[in-house]
Amino acid sequence: LHVIETHTCADLKFDKDKVVTASFDNTLACWDWATGQRTQVFVGHVGAVFSVDYSDELQLLASGSADGTVNLWGLNTGECYNVFHGHTEWVTRVILRKCQEDSIHHRAGEYVLLSMDRNEIKIWPISTEVNCKPHRTLAVSEDKSISLLPRLQFDGQTIVCASDIGIHLWDFATFQLRIIPTKQCSPALLGFGMVFSLLYHWQHLYVMDVRTQRYICKYPLPVIRKSKRGSSIIAGDCDWLDGFELNETSGLVFATSMPDHSIFLIRWRKSDT
């Protein structure tokens, strides 16, 4: 068990050595698991920092903030290498990840920087060039009448998020959009795979078969701790969303915090039959 006293956290990412936190105090920080000490601080945003992602390979950290900017930092130095402008709303999600196929702007294996606000998803060059423009801006509606929900996902091939009208999937190679309608209004998309998607809506957990676009499971949940950003709910290991041809016999589906500050877990288990 590791207990680290930090600033107020809006988001975090971690590995076996460190945890990186994004905070409502406008900063980010890196912490050492073994000692609990803060090893780096990232200062430059002028609004709450809602999202963080990093790459040890690139030695880069990306952050998104309520100030409407996406910042690119040196992971070990804390130096701000670039500030990307272009969002007109709070930046609620950033992703720094390798793509698995060629696109107009990337080759397979190259890193991609994505960011989103309530109306748009932007794909940025990983660059220190001043006044850098996005490679691409993706939106569901030109008049911004349809809001995107702040749970952007990217597996290297497909950019996925949800809105009031359904699940939106952009093919990374062509940027063609496909929409899977959902029965619920404003579902939280917790996970998406080749076979299943996992959604949360009004005290229920849903599993959809994305091939048939039908719900195969609806699981009632107890009253959970409310959060405006949905940060009190999280999916577990999502490998099973690509199908159950796994070596594992069980896994974590879902975790949420309760009003009494306890943690509620749902696990999956392979049947013996």
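Okay, let's start with a word we'll need: a residue is buried when its relative accessible area is under 20%, exposed when that value is over 50%, and partly exposed in between, using a 1.4 Å probe and counting protein chains only. With that in hand, take Trp124: its relative accessible area is 0%, so it's buried.

Before we go on, a bit of housekeeping. What you see above is a predicted model, where local features need pLDDT of at least 70, side-chain atom pairs count only at pLDDT 80 or more, and totals for chains, interfaces and linings use all residues. Residues are numbered from 1 along each chain as its sequence is written, and side-chain values use heavy atoms, with hydrogens and water left out.

Back to Trp124, then. Which residue does Trp124 pair with? The partner is Phe84, and the two rings form a tilted aromatic pair, 5.0 Å centre to centre with 35° between the planes. Here's the rule for that: rings of Phe, Tyr and Trp (for Trp, the six-membered ring) pair if their centres lie within 6.5 Å, and planes under 30 degrees apart are called stacked, over 60 edge-to-face, and the rest tilted. Phe84 sits in strand 8 and Trp124 in strand 11 (residues 120-124), so this pair ties together parts that are 40 residues apart in sequence. Like its partner, Phe84 is buried, at a relative accessible area of 0%.

When I say strand, I mean a DSSP run of E with at least two residues; helices are runs of H or I with at least four, and both are numbered from the N terminus.

How many aromatic pairs does the structure hold? Ten. Another one of them is Phe50 with Trp90, also tilted, with 5.1 Å between centres and 45° between planes. Phe50 is in strand 5 (residues 49-55), while Trp90 is in the loop between strand 8 (80-84) and strand 9 (93-98), so here too the pair ties together parts 40 residues apart in sequence. Phe50 has 5% relative accessibility, so it counts as buried. Add Phe24, and you get one aromatic cluster of Phe24, Phe50 and Trp90.

Now for charges. A salt bridge here is a side-chain nitrogen of Lys or Arg within 4 Å of a carboxyl oxygen of Asp or Glu, and the structure holds eight of them. Let me show you Lys18. Its relative accessible area is 13%, so Lys18 is buried. Lys18 makes a salt bridge with Asp15, where the closest N and O atoms are 2.6 Å apart. Lys18 makes another with Asp56, at 2.9 Å between the closest N and O atoms. That second pair links distant parts of the chain: Lys18 is in strand 2 (residues 18-23), and Asp56 is 38 residues away, in the loop between strand 5 and strand 6 (60-65). Is Asp56 buried or partly exposed? Its relative accessible area is 39%, so Asp56 is partly exposed. Because these salt bridges share partners, Asp15, Lys18 and Asp56 end up in one network. Asp11 and Lys13 also meet in a salt bridge, at 3.5 Å from N to O, and both of those residues are buried.

Next, the sheets. Two strands pair if DSSP finds at least two bridges between them. Strand 3 (residues 27-32) and strand 4 (residues 38-43) run antiparallel and are joined by five bridges. In that pairing, Cys30 stands opposite Gln40. Their hairpin has five residues between the strands, and Gly36 takes a positive phi near 75° there.

There's also an open sheet of four strands, in the order 13-14-15-16, with antiparallel pairing. Strands 13 and 16 are at the edges, each with a single partner, so one side of each has no neighbour in the sheet.

Let's visit both edges. Phe154 is in strand 13 (residues 153-154), and it's buried, at 2% relative accessible area. Leaving out residues up to four places away in sequence, Phe154 touches several others, including Ile95, Val112, Leu114 and Phe172; contact means heavy atoms within 4.5 Å.

At the other edge, Leu177 lies in strand 16 (residues 177-181), opposite Trp170. Five bridges join strand 16 to strand 15 (residues 166-171). Leu177 is partly exposed, at 37%.
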